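Notebook open, structure loaded. I'm jotting down what I look up as I go.

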Amino acid sequence: MKPYALILAGGSGTRFWPLSRDKRPKQLQKLLGGTSLMCQAIQRLQGLIPTENIFILTNQIQEEEVRLQAPGIPADNIITEPIRRDTAPAIALGIGLIKAANPNAVMMVIPSDQLIRDEQAFRLLMQDALETASVEDALITVGIKPSWPCPSYGYIERGSIISTNTAHPCHEVIQFREKPDVATATTYLERGNFCWNAGMFVWSIPTVCRQLEKHCPELANFVETIAEANNPQATITEHFHTLTPISIDFALMEKADKVLNFEASFDWDDVGSWISVSNYLESVQNNQTNTDITVEQATGNIVFSQSGEKHIALLGVENLIIVETSDAILIADKSKADDIKKIVSQLPEELR
């Protein structure tokens, strides 16, 4: 079995301004480690997916940077969306391309902007998921064991364990649950059979195409159009904008006849804001930083320098996010971390 992978790399990452910009959003930045999150995603696939079977889906604004950062990926395997249409059309596009290469393939879908440090544990679990997808007529999800009642994630309710020959247990999925309030999420954790929906999927091409035909005929037709196209990029340009914008969860996963779940045995962080990044920075007198700082009566601050070489002094300030790049500085209250995206549209175009 030579499986395939589709890496979704077209997000905007506006919560990470001023580091993240339209052409180089979160997944293309060196937020944590010496390479970008997208490059780390590619690296995790080594030894699991042949390089020639890795596809990357991005958009026209970010295409140039994606190609620069992924020189080992075949040029034709880096595909651009002409317009954003949410995850269901994007994934259908990838399914069509992979079906054209191998109509009986097994494939995985992974985001490009998640932090996973235990690469070996990732490979072992995903290998189990790929093997299961090759023999089960089911769509497979990978979930994350909840560490707290987070209201910002979707949840997967899991049922009984099915019999497989894999090292990791595989559960039937009872249903998907939309983002809950904290009280509801707390009950999920207490019940113990829920996991976070991490947006990672594994399936065979025949199985997913049957499910698309049954539940999403518009996307099934698009998959066939791409699979039969002589010029895939021209076909994408012609048809993609006509597709209904919808997430893969709403369009397919919540309706599918049989869904299975593996719970991740590896560390995972979706790195959703500067608050998440701060968990991996050095602590200096109760301030988190990636650069040298001098502190006087200052606590609870997050300091990030793009170069990592600026010396920043903090005096009498608390609970701020301070991010410095070559052309902009952000100073924000930590409680407003998720609202940073709201100011991006107000900025001069050259700073977006």
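Started with Ile322 and looked across to the neighbouring strand: Ile331 of strand 16 stands opposite. Ile322 belongs to strand 15, which covers residues 320-324 and is joined to strand 16 by five bridges, with the two running antiparallel. Note to self: this is a predicted model, so everything here is read off computed coordinates.

Next I wanted the whole sheet. It is open, has five strands in the order 10-11-13-15-16, and its pairing is mixed. Which strands sit at the edges? I get strand 10 (282-284) and strand 16 (329-333), each of them pairing on one side only. From one strand to the next, the twist averages 15°.

Then I went through the parallel pairs. Strand 13 and strand 15 run parallel and share four bridges; one residue I checked was Ile302, whose bridge partner in strand 15 is Ile321. Strand 11 (residues 287-289) also runs parallel to strand 13, with two bridges between them. There, Thr289 has Val303 of strand 13 as its bridge partner.

Strand 13 (residues 302-305) got a second look for burial. Ile302 and Phe304 lie on one side, Val303 and Ser305 on the other, and all of them are buried, so I'm noting both faces as covered.

Backbone oddities around this sheet came next. Gln285, in the loop between strand 10 and strand 11, has phi near 50°, a positive value in a non-glycine residue. Is Gln285 buried or exposed? Its relative accessibility is 56%, so it counts as exposed, the cut-off being over 50%.

Asn319 is another non-glycine with positive phi, about 55°. I found Asn319 in the loop between strand 14 (312-315) and strand 15. Its relative accessible area is 35%, so I'm logging Asn319 as partly exposed.

While on backbone geometry, I looked up a cis peptide: the bond from Trp17 to Pro18, with omega near 10°. Pro18 is in the loop between strand 1 (4-8) and helix 1 (37-44).

Moved on to strand 6 (residues 155-162). Strand 6 is antiparallel to strand 7 (residues 170-177), with six bridges joining them, and Arg158 has Val173 in strand 7 as its bridge partner. Strand 6 also pairs with strand 8 (residues 194-204), again in the antiparallel sense, over three bridges. For Tyr155, the bridge partner in strand 8 is Trp196.

Last entry: a helix pair. Helix 3 (residues 87-101) packs on helix 7 (residues 217-227) at about 40°, and the axes are 7 Å apart. That angle makes helix 3 oblique to helix 7. The handedness of their crossing is right-handed.

Who touches whom here? On the helix 3 side I listed Ala88, Pro89, Ala92, Leu93, Ile95, Gly96, Leu97, Lys99 and Ala100; on the helix 7 side, Leu219, Phe222, Val223, Glu224, Ile226 and Ala227. By class, the residues of this contact come out as 12 nonpolar, one polar and two charged. Gly96 goes under polar in that tally, because glycine is put with the polar residues here.

Definitions and conventions. Residues are numbered from 1 along each chain as its sequence is written. This is a predicted model: local features need pLDDT of at least 70, side-chain atom pairs count only at pLDDT 80 or more; totals for chains, interfaces and linings use all residues. Side-chain values use heavy atoms; hydrogens and water are left out. Axes are lines fitted to C-alpha atoms, for helices over the stretch in contact, and angles run from 0 to 180 degrees between N-to-C directions. Angles under 35 degrees count as roughly parallel, over 145 as roughly antiparallel, 65 to 115 as roughly perpendicular and the rest as oblique. A crossing is left-handed if the near helix is turned anticlockwise from the far one by less than a right angle, and right-handed if clockwise. Contact means heavy atoms within 4.5 Å. Two strands pair if DSSP finds at least two bridges between them. Buried means under 20% relative accessible area, exposed over 50%, partly exposed in between (1.4 Å probe, protein chains only).
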